[in-house]
Amino acid sequence: MSDTVRPTELAAEQQALLHRTLGRFDIIFLLIAAVVGLETLGQVSTYGAEAFTWALVLAVFFLVPYGLIFAETGAAFSEEGGAYTWVRDAFGRPAAAVASLLNWVTQPVWVGGSMSFLAAETVSTYITPLPSGSFADYVFKIVFIWITVLAAVVSLQKGKWLPTSGAVLKIGVLVLFVVTTAIYAVQHGVEGLGAGDFSPTLLGLFGSVPILLFAYLGFESGNSAAGEMENPGRDVPVSIARSCATAAFCYLVPILAILLVVPKDEITGIGGFLDAVKTVFSVYGDAAGPLLKITAIVVVYVLMSQGSAWMIISDRMQAMTAADGSFFGGFFGRFHPGLGTPVRVNMLSGVTATVFMLAAMVVSGTGGAIFGVVLTISISTFLLAYLFVIPAAIKLRRMYPDVERPFRVPVSDRGFALLGWLAFAWIVLGSWVAVFPGTLERVFGLDYPFKDYWGVSQGTFEAFTLGTLAVIAALGAIGYVCGRSVRAGSAAGNPDTPDTPDNQIKETVR
């Protein structure tokens, strides 16, 4: 095996510390907890009725091909670390290090800079006043962040129940909202939406596609904990299929419901979902107030569980990246021998999320504007990772035709590649407009008043976005250089053993 794909001795040692505690039920609800996000419902709905159209288009022309290629890849290549190991085996460690870092850093940035803000806004609006920038506001956001970290620190057997319970409550809240919206529509009517309102436009495409891609991505992320699954070859394809279908329902139907009851010019990104809930809950009369408060508490819990799900998943990928010599000399590549969790990376995620929360607090603009800007930064880092991960999945099918595939997409290698490149094309578009919003609009002669859309100047937006990407690039370069000593120690194996991922896994756990 070449040095670019042979697991290190440290990686082999850490594999032995893993506990197989994830069954099919756990995987499905872990994915639903992580990927289905209430925070994106309001943000995408700000684009009006055509947001529903674009959500439907992407469900068919992105989510389906994306889900198929990773259902096959995830079942066939089931080493702990998931996408990192796929990119490493396809393109080598440097590319895998970049992909993993972009994927991992998205989560603490998103938890600290977006989720904590949304949770605080929810508490302040519906539960008890929490003035922005106050001592109580800072304390709440810090506590929110570190509870998500704690769920990732404890053993997976215990920690998985926070995201699982959050996923169940999330589906329950969305079902209640949809049913109540139907009752509200019967009693009060709905917004006057015509067929023309659903007509897709380029402005709606460029605005909503990054958010929708962010909403639909991440179903392969469960493979970051593949070494802790009871039977990944059997459970990964089923889990991806069921969670993808659940996600499509949980986005399409609530988005339509929001659009039917809240005027477009009153929908806000940070409070869009609960604004709609408040409107439709009026059908419950005097019980509306208490029900709304209970729903707000549940939403905060759901947001916390969603953050914890991503911490559980992404921290494992980054820990295996470090254990494989691609991130800071292996210090972060160790799993706790008793808990079986990457405690050092968990702590790093908590610190990163806290720092980014503090940085976001000093950015000029309203809470809603900060939420939108930081959400877009999270979208950009997340999408950029898939510029490596999707081509890796395409290449692995061609590189290793003899690897057993418990699930195989019933198409030729060329057909598989076409599915992958279709998904890749959407990622390219989403990445560009997330990092450089307004540029394509101007190319097509569309009016784009930047500050009206974002609440901050274009200079502030680009400084925050490009500055974040520059810091990540520097961190990745330094981390990779510092991992040289770990890369020098690769797992011992039979030199006659074929150079395939299956044999890497066998050597790793031997």
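Which residue takes a positive phi just after α10? In this predicted model, the residue is G218, with a phi of about 115°. Let us look at the whole chain, then come back to that helix.

**The whole chain**

The secondary structure is easy to summarise: the chain has 21 helices and zero strands. Its radius of gyration is 22 Å, close to the 24 Å given by the globule rule for 510 residues, so the chain is as compact as a globular protein of that length. When you turn the model, picture its C-alpha atoms filling a box of roughly 75 × 50 × 45 Å along the principal axes.

Here are some values for the chain, expressed as percentages.

| Property of the chain | Value |
|---|---|
| Residues that count as buried, of 510 | 60% |
| Contacts with a separation of 6 or more that join residues 24 or more positions apart | 85% |
| Exposed area supplied by carbon and sulfur atoms | 66% |

The last row refers to an exposed area of about 18200 Å².

**A look at helix α10**

Now find residues 202-216, which form helix α10. From the first C-alpha to the last, these 15 residues reach 20 Å, close to the 21 Å expected at 1.5 Å a residue. Where does α10 bend? The bend is at S208 and amounts to about 40°. A proline, P210, follows S208 within four residues.

Is α10 mostly covered or mostly exposed? Mostly covered: 13 of its 15 residues are buried. Just after the helix you meet G218 again, with its positive phi.

Definitions and conventions:
Residues are numbered from 1 along each chain as its sequence is written. This is a predicted model: local features need pLDDT of at least 70, side-chain atom pairs count only at pLDDT 80 or more; totals for chains, interfaces and linings use all residues. Side-chain values use heavy atoms; hydrogens and water are left out. Helices (H or I, at least four residues) and strands (E, at least two) are DSSP runs, numbered from the N terminus. The expected span of a helix is 1.5 Å times one less than its number of residues. The bend at a residue is the angle between axes fitted to the seven residues ending there and the seven starting there. Buried means under 20% relative accessible area, exposed over 50%, partly exposed in between (1.4 Å probe, protein chains only). The radius of gyration is taken over C-alpha atoms; the globule rule is 2.2 Å times the number of residues to the power 0.38. Contact means heavy atoms within 4.5 Å. Accessible areas come from the Shrake-Rupley method with a 1.4 Å probe; for residues, only the protein chains shown count as cover.
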